[in-house]
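Here is a short report on a pocket and on one helix beside it. Have the sequence and the model at hand.

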Amino acid sequence: MPRIPSPAIAAAGLVGGYAVARWTKKRPLGGVVLAAAGGVAAREWQQVGGAKAAVGLTAGYVAAFAGSHPLAKKIGAWPAVFSVAGAMAAASWAVTRGKA
């Protein structure tokens, strides 16, 4: 079975978590999506880049989620979510490229 690249998992978790929370009007359900994708991404980061990469990128994932909230007040919700998802995907790619 082919592996899904960790940058795609991380970005999908951020976008998907927000989308589920918004469309269902149930923030905890969006949090479940966010956490599940974060867990899968962290496992991939650990397998590909090691423990330091996994810890650093997981911290970045949480920071991206937290940072999207104040950013949304400045540029809007969807632009903020896409911005942090893109930044997280880029960070994940930068740390894990060429290691898989």
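The largest pocket holds about 350 Å³ of space. Its lining has 16 residues, and Tyr-18, Ala-21, Phe-65, Ser-68 and His-69 are the closest to its centre. Bear in mind that this is a predicted model.

Four helices each give two or more residues to the lining of the largest pocket: α1, α2, α3 and α4. Here are their ranges.

| Helix | Residues |
|---|---|
| α1 | 6-24 |
| α2 | 27-49 |
| α3 | 51-75 |
| α4 | 77-96 |

Which helix gives the most to this lining? It is α1, with five residues. By class, nine lining residues are nonpolar, five are polar and two are charged.

Now turn to α3. This helix has 25 residues. From first C-alpha to last it reaches 34 Å, close to the expected 36 Å. Where does α3 bend? The bend is at His-69 and comes to about 35°. A proline, Pro-70, follows within four residues. His-69 is also one of the residues closest to the centre of the largest pocket.

Which residues of α3 are buried? They are Ala-53, Ala-54, Leu-57, Tyr-61, Ala-64 and Ser-68. The buried residues of α3 pack against α1, α2 and α4. Ser-68 is thus named twice: it is buried in α3, and it is among the residues closest to the pocket centre.

Just after α3 comes Gly-76, with a positive phi of about 105°.

Conventions
Residues numbered from 1 in each chain as written. Predicted model: local features only at pLDDT ≥ 70, side-chain atom pairs only at ≥ 80, totals over all residues. Heavy atoms only, no water. 1 Å grid on protein atoms, 1.4 Å probe; cavity = no way out; pocket = protein on both sides within 12 Å on 5 of 7 lines; lining within 4 Å. Points joined across faces, edges and corners; volume = space filled by probe spheres on them. Nonpolar A, V, L, I, M, F, W, Y, C, P; charged D, E, K, R; others polar. Expected span 1.5 Å × (residues − 1). Bend = angle between axes of the 7 residues up to and from the residue. Buried < 20%, exposed > 50% of the residue type's maximum accessible area, 1.4 Å probe, protein only. Contact = heavy atoms within 4.5 Å.
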